[in-house]
Each structure stands twice: as structure tokens, then as C-alpha cells.
Amino acid sequence: MVNASVRTEVLNRLRNVKGHIAGIERMVEEEQSCSNILIQLSAIRSSIEKIGIFILENNAVECLLNSPDATPEDRQKIDQIVRQIITFLK
């Protein structure tokens, strides 16, 4: 990851997930209901998928749009394809 702001955002999101996992550990220790634990695990899975999509999107834009040979039309097409991929993955 070349972009410092993207790296910072990814690290913040990962730290958030780490805190959420610690909360689930406490839930297990406190013997909370399986359904509540599963809901929290589902939330973490969703967060991790969103982090992956965020990285994919930023990497695609950075790699493809920063080409010195890319014309404005190329950039528009690439942007459209990236948005379609992201929509599909969601």
C-alpha cells in the first residue's frame, strides 16, 4: 500500500475488528448465548469483507488509474469496472 491515508484507514479498521474480537472473547468467558456470539461473529466477518473490498478498490484504482498512458476515457472505463466489481462483491 503506497497511499498513507489508505494504510491508516486499513489499520484503523483492523484495530476495530481486533477490539470486537476481544469483546467476543469476553462473551464466551461469560457464557453468553450462542446466538449473541454468532451475531457478533457475523459482524466481524462482514467487517473483514469490507476491509478486503476497500483494499481491492484502492489497489485497483492506484494501479490502473495512475498509469502515465491512461487517457481520461481509459480512467472513466476503469473507474466503472472497479465500481461494478465492488458492487458485485457486496
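Here is a quick briefing on the fold, the surface and a few residues of this protein.

The model is a predicted one. It has three helices and zero strands, and from the N terminus on the elements go α-α-α. The radius of gyration is 18 Å, where a compact globule of 90 residues would come in near 12 Å.

**Overall shape and packing**

- Take the C-alpha trace along its principal axes and you get a span of about 60 × 25 × 10 Å.
- Buried residues account for 19% of the 90 residues.
- Looking at contacts with a separation of 6 or more, 55% of them pair residues that sit 24 or more positions apart.

**Surface and charge**

- About 6900 Å² of the protein is exposed, and 56% of that comes from carbon and sulfur atoms.
- The protein carries 11 positive and 12 negative charges, and the mean positions of the two sets are 2 Å apart.

**Helix H1**

- H1 covers residues 4-29, which makes 26 residues.
- The length checks out: at 1.5 Å a residue H1 should span 38 Å, and its end C-alpha atoms are indeed 38 Å apart.
- The buried residues in H1 are Val6, Val10, Val17, Gly23, Ile24 and Met27.

**Glu31 and the loop after H1**

- Glu31 sits in the loop that links H1 to helix H2 (34-65).
- Have a look at its backbone: phi of Glu31 is positive, near 55°, and this residue is something other than glycine.
- As for the side of things facing solvent, Glu31 has a relative accessible area of 71%; that is over the 50% cut-off, so Glu31 counts as exposed.

**Asp74 in helix H3**

- Asp74 belongs to helix H3, which runs over residues 72-89.
- With a relative accessible area of 31%, Asp74 is partly exposed, because that category lies between the 20% limit for buried and the 50% limit for exposed.
- Asp74 and Leu64 are 10 residues apart in sequence, and their C-alpha atoms are 9.2 Å apart in space.

**Points to keep in view**

- For the fold, think three helices with zero strands and a radius of gyration of 18 Å.
- For individual residues, Glu31 is exposed in its loop, whereas Asp74 in H3 is partly exposed.

Note on methods. Residues are numbered from 1 along each chain as its sequence is written. This is a predicted model: local features need pLDDT of at least 70, side-chain atom pairs count only at pLDDT 80 or more; totals for chains, interfaces and linings use all residues. Side-chain values use heavy atoms; hydrogens and water are left out. Helices (H or I, at least four residues) and strands (E, at least two) are DSSP runs, numbered from the N terminus. Buried means under 20% relative accessible area, exposed over 50%, partly exposed in between (1.4 Å probe, protein chains only). The radius of gyration is taken over C-alpha atoms; the globule rule is 2.2 Å times the number of residues to the power 0.38. Contact means heavy atoms within 4.5 Å. Accessible areas come from the Shrake-Rupley method with a 1.4 Å probe; for residues, only the protein chains shown count as cover. Lys and Arg count as positive and Asp and Glu as negative; His and the chain ends are not counted. The place of a charge is taken as NZ of Lys, CZ of Arg, CG of Asp or CD of Glu. The expected span of a helix is 1.5 Å times one less than its number of residues.
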